[in-house]
Amino acid sequence: MARMSLDLTVNGERRKVDVDTRTTVLDLLREQLGLTGSKKGCDHGQCGACTVLVAGRRVLGCLVLAVTLEGAEVTTVEGLADGDDLHPVQRAFLDADAFQCGYCTPGQLCSAVGMLREVGEGWPSVVTPPGATVSVSSLGPDEVRERMSGNLCRCGAYVNIVPAVLAARR
Amino acid sequence: MNDVVRPVMQDAVAAAPTRVDGRDKVTGRARYAVEHPVEDVVWAWPVTSTVAKGRVTEIDASEANGTEGVIAVLTHANAPRLGETDDAELQLLQSDRVAYRGQVCALVVGETVESARAGADAVRVRYDEAEHDVVLDARHPAMFTPEKVNPGFPTDTSIGDPDTAFAVAAVQLDATYTTPTEHNHAMEPHATTASWGADGTLTLYDSNQGSTGVARVMADLFGLQVRAVHVISEHVGGGFGSKGTPRPNIVLAAMAAQAVGRPVRLALGRQHMFSLVGYRTPTIQRLRLGATTDGVLRSLVHDVWEQTSTLDDFAEQTAVISRMLYAAPARRTTHRLVRLDVPTPSWMRAPGEAPGSFALESAMDELAAACDLDPVELRVRNEPDVDPESGKPFSSRNLVACLREGARRFGWEQRDPTPGVRRDGRWLVGTGVASSTYPARTAPSQARMSIGSDGVVTVELNAVDIGTGSRTALTQIAAEAMDLPTDRVRLRIGDSTLPPAMIAGGSMGLTSWGSAIVKGARQLRELVGRRDGAIPEDGLEVTADTAEEVRAVSGYARHAFGAQFCEVRVDADTGEVRVPRLLGVFAVGRVINARTARSQLVGGMTMGLSMALHEEGVVDVQHGDNVNHDLAGYHIAAHADVADVDAMWLEEHDEHLNLVGAKGIGEIGIVGTAAAVANAVHHATGVRVRDLPIRVDRLLGRG
Amino acid sequence: MSGSVTVARSLDQALDALRSGPDARLVAGGTDLMVEVNAGRWQPGTLVSVDRAPELRGWHRDGDEIVLGSGLTYAEMERGELARLVPALAQAARTVGSPQIRNAGTLGGNVVTASPAGDTLPVLTALDAVVQIAGPEGTRISPLREFVRGVKRTDLRAGEVVTAVRVPALRGAQEFLKVGTRNAMVISVVMVAVVVDLDGHTVRVGVGSAAPVPVRAPLAEEYVGALVDWERARMDDPTGEVAAQFGELVAQATSPIDDHRSTAAYRRRAVAVCAARAVRRAFQEPESP
């Protein structure tokens with residue numbers, strides 16, 4: 001069983017870790033770094049509960065081997081708030097009751113943050129009309145639904161997540 | 001009967017407190033079962049059977065034992081012996097018998113999750129395989145009549161002569177509906193951290209819907225006093241019925257911890273959840289409705305066939321909804337069961353009512369068409385004066401008010417009943433309605449309440465918040481009952497050492513827990529009053545128990561009601577179904593927190609939408625397995641499938657319920673939704689889909 | 001998973017690592033392979049991560065062709081200049097899995113996995129894509145239609161790496177349509193890609209999830225190609241008959257099966273509908289939304 005040492009930045013903090021090369025980012029975060037905010041819902045990339053941000057991009061922690069993240073910058077739900085000040089997306093989820101059991105929530109939050117950045121960079125989606133450009137300010141509910149579809153919620157909080165994401169743009 | 005005042009609007013939602021544990025949940029601080037820090041902890045991973053019936057003849061663990069990091073391999077040959085309980089699914093690793101594919105036949109304990117899984121991959125199991133039988137069929141020769149249906153209802157009921165009444169009825173509907181295997185799939189897989197103390201006590205961080213019963217079962221299984229078992233369930237990532245009883249994870253974790261002498265974590269994988277934690281039985285339901293030409297029911301017969309396992313008889317109460325929803329002078333309900341080589345079915349949100357309402361409410365829609373009547377009007381015409389089977393008056397019954405208010409808000413009045421004629425480009429458009437109902441019950445619970453000299457009230461009971469918002473609503477109930485602001489109330493829940501309480505299930509959590517708190521608050525205030533408000537240095541404490549009130553026989557039939565309205569768009573060429581609008585209007589007694597209540601109702605409706613369009617456990621007949629056993633194969637509604645889903649409720653005062661005045665809202669949202677969708681699909685396309693889910697190939701392409 | 005992981009920082013390192021043994025496997029985005037690993041269905045001896053191999057990343061023009069690196073992610077196909085050059089590939093990419101999957105999953109992975117439901121494959125098939133391969137014996141190319149040999153079976157040999165996929169830069173409309181049983185995160189029931197080559201005067205169609213391998217429909221292509229007014233890039237089809245006939249011919253070229261996602265009969269019908277819609281859109285005949 002091979003091990004490898006790894007340097008990466010997690011929530012702004014430089015970490016040097018020694019990992020089993022088979023370890024996924026999700027297991028590294030949860031079991032070695034004590035960051036249990038990221039959840040294991042399926043371990044197959046089919047639910048989105050393990051969504052974290054790597055260099056600001058949405059990534060499924062369960063499908064990424066930790067050893068491939070040498071030098072990477074990882075942000076988890078624990079790193080979204082600025083001290084006691086919640087990230088606007090966290091605040092909006094709280095206000096809109098955009099969760100119930102809370103288990104998919106860390107993934108939804110990271111996904112929403114990553115998604116707003118993608119929109120800000122003009123990334124289209126399958127519901128973007130041909131030739132149209134998207135922007136954060138013109139984002140509509142259909143775009144939010146499509147772009148948040150990688151995160152399943154069994155409690156059925158979807159209809160509250162849309163207004164939460166839209167409110168968090170401000 | 002009560003007064004209907006006005007529907008509660010958005011301002012009530014906005015005014016309600018946000019979740020008291022919300023901040024913990026959005027910051028990732030909320031800890032679930034395998035997230036509590038424990039020293040020296042190791043991991044376990046189950047090995048499951050690859051045949052559906054037979055005996056394990058050999059388990060070769062040599063390679064697994066030689067795998068780096070593997071500490072132990074438990075099998076039926078070496079696992080600790082367990083005591084008896086009434087759940088045969090918990091007799092894990094006790095025999096060589098295989099009762100279904102996916103049953104646990106070994107457990108590997110490793111230093112890490114990776115090593116436990118690598119070890120499990122290396123275990124070789126040989127079987128003496130027998131021929132399996134996994135397909136539900138109404139004509140199965142082994143169909144039998146169970147003694148009762150869940151949770152204690154008579155299996156069959158009959159009033160009058162429904163066969164003759166049907167035979168002579170002017171309008172007859174005889175149709176068979178099916179619902180498939182459905183899986184709960186809470187987002188948090190079933191998980192436990194188990195550790196044994198030097199004094200023989202067992203501490204369990206476990207994901208469940210109520211640990212009072214879990215602790216008792218674990219004590220029985222491991223030969224312990226209940227007080228030697230401590231179950232902690234601080235945050236639980238959903239359950240939907242599947243965590244109402246202990247599941248294999250907690251038993252296996254405790255066994256493994258006992259075997260290796262170290263704390264053990266066991267989080268089931270998503271695949272395990274297709275066989276190890278229960279599911280909703282598939283159902284076959286025949287509805288016979290006989291009516292006058294003006295739509296008045298003369299006969300209502302609801303016959304149900306469903307499955308259980310060879311381990312245990314679990315009889316879903318599917319036809320029970322037909323015993324109380326509509327009037328009919330002659331009526332009958334029956335349930336038949338067959339024991340197959342499958343996992344034991346179990347509780348899933350609105351057990352009975354969810355599949356039963358699909359059949360009954362689809363049949364009512366068909367009857368409305370046959371009578372050339374508006375489906376809302378048909379239901380109004382069949383409104384009973386009293387509970388049709390028991391003859392008891394309803395404590396409150398606002399089904400008609402929900403139908404009327406929903407119709408008004410949804411814009412139902414302009415509806416042209418003709419199916420298949422509304423077209424918007426390539427989309428066929430239709431609308432549908434269905435009734436919702438669920439029993440309003442309460443179960444005995446205790447609450448310990450104390451007040452300190454600082455005036456702060458501490459409320460302790462073994463309730464649990466699985467996402468319903470109970471932590472928030474119970475805080476509100478206690479504050480109101482004590483006439484204090486919520487910040488003067490401390491609530492402790494989710495711990496089996498607290499006073500015993502009902503599970504978060506059967507839509508009975510809040511009503512049961514809240515009643516104990518209200519009773520405790522009355523006692524505590526009386527105690528404080530007797531001392532003229534002077535609270536001693538070490539405070540005052542009472543423990544309230546609602547067993548007596550709850551067990552008193554009520555003279556009323558107590559149920560919540562609702563109506564769901566749905567708009568669908570169906571691609572005329574591909575049959576793809578979209579649901580742009582779903583509205584539920586409910587009458588559920590008192591609503592404690594409008595914000596979390598709306599979320600729960602909308603959540604139930606969303607799961608109902610998912611049931612209508614997506615969810616289907618497909619049986620692999622040849623291997624006795626599930627064809628689809630991951631979330632890529634077993635679809636639940638994704639974000640893009642859910643557009644405008646909204647729930648509202650009528651203000652309803654019902655003094656015959658419980659000390660809270662609430663009916664419970666955990667299940668009713670899913671009741672009727674699938675029928676409302678199917679009825680809308682029929683209105684859009686003219687195609688009646690009687691088999692869930694409503695798949696594209698069931699709408700088109702049968703030829 | 002019982003083996004170990006090697007991180008390859010170049011193509012050469014990846015090829016070297018693959019030589020370490022017959023049970024070494026490449027992983028890029030991990031969106032297919034890691035699922036197999038995490039499900040315990042497959043235990044690699046050695047995983048060779050090529051996520052960091054720069055030779056495999058990105059895309060570039062090479063004359064009339066576009067060279068798509070095998071490490072190109074779906075998210076990179078979805079947008080920008082590449083989306084304008086190969087719009088059907090962008091449309092297909094936007095329907096793959098979830099946004100998270102699209103940030104990780106790669107074109108090379110989709111090609112090598114060779115699932116009948118691989119979302120980019122109908123587009124690549126319609127484009128007559130050619131697969132570039134590097135291996136112990138040097139480099140070679142394999143036309144996609146020969147490379148994909150069956151359900152999850154390819155022409156890739158031991159020790160080889162798919163380095164790129166070459167497609168032509170065509171002038172003309174491209175369409176991709178997919179039917180699934182959920183609005184997102186869905187494995188397709190059927191997929192149809194239609195590609196118009198205004199210079200070559202051909203209409204090309206690729207169909208997925210309707211046969212063990214992605215299929216073309218030569219009869220349908222010839223039929224509609226002969227009816228297009230190539231000067232005006234228009235198809236005279238006021239009644240929709242041509243599109244419908246095209247759809248029927250495309251459906252006839254498929255050999256779908258019944259499975260838990262759908263029936264063969266439905267798949268045939270959906271292929272016909274999607275093909276007809278795609279060809280109408282490609283020639284900008286007015287179509288209701």
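This is a short working chat about a predicted model, covering chain A, its contacts with chains B and C, and a few strands of chain B.

Colleague: Let's start with chain A. How many helices and strands does chain A have?

Modeller: Chain A has five helices and five strands.

Colleague: In what order do the elements of chain A run?

Modeller: Starting at the N terminus, the order is β-β-α-β-β-β-α-α-α-α.

Colleague: What radius of gyration does chain A have, next to a compact globule?

Modeller: Chain A has 16 Å. A compact globule of 170 residues would be near 15 Å, so the value agrees. Along the principal axes, the C-alpha atoms of chain A fill a box of roughly 50 × 35 × 30 Å.

Colleague: And what share of the residues of chain A count as buried?

Modeller: Of its 170 residues, 64% count as buried.

Colleague: What about contacts in chain A between residues far along the sequence, say at least 24 apart?

Modeller: Take the contacts between residues at least 6 apart in sequence. Of those, 57% join residues at least 24 apart.

Colleague: Which domains does the assignment give for chain A?

Modeller: Domain 1 covers 3-78 and domain 2 covers 88-167. Their centres, taken over C-alpha atoms, are separated by 22 Å.

Colleague: How many residues of each domain are in contact?

Modeller: Domain 1 of chain A puts in 16 residues, and domain 2 of chain A puts in 14. On the domain 1 side, β3 (51-54) and β4 of chain A each supply at least two residues. β3(A) gives the most to that side, with three residues.

Colleague: What classes of residue are on that domain 1 side?

Modeller: Six nonpolar, seven polar and three charged.

Colleague: Switching to the neighbours. How many residues does the contact between chain A and chain C take from each?

Modeller: It takes 28 residues from chain A and 25 residues from chain C. On the chain A side, β4 (57-60) and α4 (141-147) are the elements that give two or more residues. The largest share, four residues, comes from β4(A).

Colleague: So β4(A) turns up twice?

Modeller: Yes. β4 of chain A supplies at least two residues to the domain 1 side that touches domain 2, and β4(A) also gives four residues to the side that touches chain C.

Colleague: What is the class split on the side of chain A that touches chain C?

Modeller: That side has 13 nonpolar, nine polar and six charged residues.

Colleague: Now chain B. How many of its residues are in contact with chain A?

Modeller: 45 residues of chain B are in contact with 48 residues of chain A. On the chain B side, α2 (22-27), α4 (113-122) and α14 (594-613) give two or more residues each.

Colleague: Which of those gives the most?

Modeller: α14(B), with seven residues. By class, this side of chain B has 18 nonpolar, 17 polar and 10 charged residues.

Colleague: Last topic: β21 of chain B. In what sense does it pair with β24 of chain B?

Modeller: Antiparallel, over six bridges. β21(B) spans residues 446-451 and β24(B) spans residues 540-545. I451(B) stands opposite L540(B).

Colleague: How many bridges join β21(B) to β22 of chain B?

Modeller: Four, and those strands run antiparallel. β22(B) covers residues 457-460. M449(B) has V459(B) as its bridge partner there.

Colleague: What do β21(B) and β22(B) form?

Modeller: A hairpin, with five residues between the strands. In the turn, G455(B) has a positive phi of about 85°.

Terms used:
Residues are numbered from 1 along each chain as its sequence is written. Chains are lettered from A and ligands numbered from 1 in the order in which they are written. This is a predicted model: local features need pLDDT of at least 70, side-chain atom pairs count only at pLDDT 80 or more; totals for chains, interfaces and linings use all residues. Two residues are in contact if their C-beta atoms, placed from the backbone, lie within 7 Å. Ala, Val, Leu, Ile, Met, Phe, Trp, Tyr, Cys and Pro count as nonpolar, Asp, Glu, Lys and Arg as charged, and the others, Gly among them, as polar. Domain bounds come from an automatic or database domain assignment. The radius of gyration is taken over C-alpha atoms; the globule rule is 2.2 Å times the number of residues to the power 0.38. A residue is buried if 20 or more other C-beta atoms lie within 10 Å of its own, exposed if 12 or fewer, and partly exposed in between; C-beta atoms are placed from the backbone. Two strands pair if DSSP finds at least two bridges between them.
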